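Hi everyone, thanks for making time this morning. Have a look at the model on the screen, and I'll walk you through it.

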Amino acid sequence: MDPDGMAKAFVDHYYTTFDTNRAAVEGLFQEGSMLTFGGEKFTGAAAITAKLTSLQFSSCKHHVTTVDCQPSGPTGGILVFVSGTMHFGGGEPPLKFFQVFHLMPAEPENFYVLNNYRVNYE
């Protein structure tokens, strides 16, 4: 397993899915998954998806600037750090973000998000 290749493929898939069909990200989480977003914590795939689909914008486009990763622990996890900008329609200025994913193997060459931390800033 190449952690850099897996991290890049995951990031591409996650943000494409988020930007085109936000509810479909639920398949990337499990019941033990956690999201911290704006100081709030959400546990489980359904709660995480409910938070993400309740965000106040209907459409967006993520532009990823950096993807850095490290192998994490003896079970084959990957820690992924992402930074970039999020663009909205209507001429609003882009919003900078960084996000950390802790990916855990679900089966060979397949991962789920165990932990997800998201921060937006101007």
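Let's start with the salt bridges: how many are there by the usual rule, a side-chain nitrogen of Lys or Arg within 4 Å of a carboxyl oxygen of Asp or Glu? The count comes to two. Before I show them, a word on what you are looking at: this is a predicted model, where local features need pLDDT of at least 70 and side-chain atom pairs count only at pLDDT 80 or more, while totals for chains, interfaces and linings use all residues. Residues are numbered from 1 along each chain as its sequence is written, and side-chain values use heavy atoms, with hydrogens and water left out.

One bridge joins K8 to D12, with the closest N and O atoms 3.0 Å apart. Both residues sit in helix α1, four residues apart, or about one turn of the helix. When I say helix or strand, I mean DSSP runs numbered from the N terminus: H or I with at least four residues for helices, E with at least two for strands. Are these two residues buried or exposed? Neither, really: K8 is partly exposed at 44% relative accessible area, and D12 is partly exposed at 38%. For those labels, buried is under 20% relative accessible area, exposed is over 50%, and partly exposed is in between, using a 1.4 Å probe and protein chains only.

The other bridge is between the side chains of E40 and K51, at 3.7 Å from N to O. E40 belongs to strand β2 (residues 40-43) and K51 to helix α2 (residues 45-53), so this pair ties together parts that are 11 residues apart in sequence. E40 is partly exposed, at 41%, whereas K51 counts as buried, because its relative accessible area is 16%.

While we're on helix α2, please find A46, which also lies there. A46 is partly exposed, with a relative accessible area of 47%. How far is A46 from G76 in space? Their C-alpha atoms are 25 Å apart, with their positions 30 residues apart in sequence.

Now over to the strands, and to V80 in β4 (residues 77-87). V80 is buried, at 1% relative accessible area. From V80 to Q70 is 10 residues in sequence and 6.8 Å in space, C-alpha to C-alpha.

Next comes β6, which spans residues 110-121. L114 is one of its residues, and it is partly exposed at 22% relative accessibility. The C-alpha atoms of L114 and L103 are separated by 5.8 Å, though the two residues are 11 apart along the chain. V119 is found in β6 as well, and is partly exposed at 36%. Its C-alpha atom is 5.6 Å from that of F97, a residue 22 positions away along the chain.

V119 also takes us to the surface. Together with F81, F98 and Y121, V119 makes a nonpolar patch of about 310 Å². Patches here are made of residues with over 30% relative accessible area and no salt bridge; like charges are joined within 9 Å, and nonpolar side chains (Val, Leu, Ile, Met, Phe, Trp, Tyr) within 5 Å. The areas come from the Shrake-Rupley method with a 1.4 Å probe, and for residues only the protein chains shown count as cover.

What about the inside? The structure holds one cavity of 30 Å³ or more, and about 30 Å³ of space lies in the largest cavity. A cavity, on a 1 Å grid over the protein atoms alone, is a set of points where a 1.4 Å probe fits but cannot get out, and lining residues have an atom within 4 Å of a point. Grid points are joined across faces, edges and corners, and the volume is the space filled by probe spheres set on them. Which residues line the largest cavity? They are Y14, F18, L35, F37, L52, Q99, N116 and R118. Helix α1 (3-20), strand β1 (29-37) and strand β6 each supply at least two residues of that lining.

Last, the annotation. UniProt, in an unreviewed entry, lists residues 6-116 as "domain: NTF2"; positions are in the numbering used here, feature names are shortened, and annotations may be inferred rather than shown by experiment. Over residues 6-116, the chain is 22% helix and 50% strand, with the end C-alpha atoms 16 Å apart.

Methods
1 Å grid on protein atoms, 1.4 Å probe; cavity = no way out; pocket = protein on both sides within 12 Å on 5 of 7 lines; lining within 4 Å.
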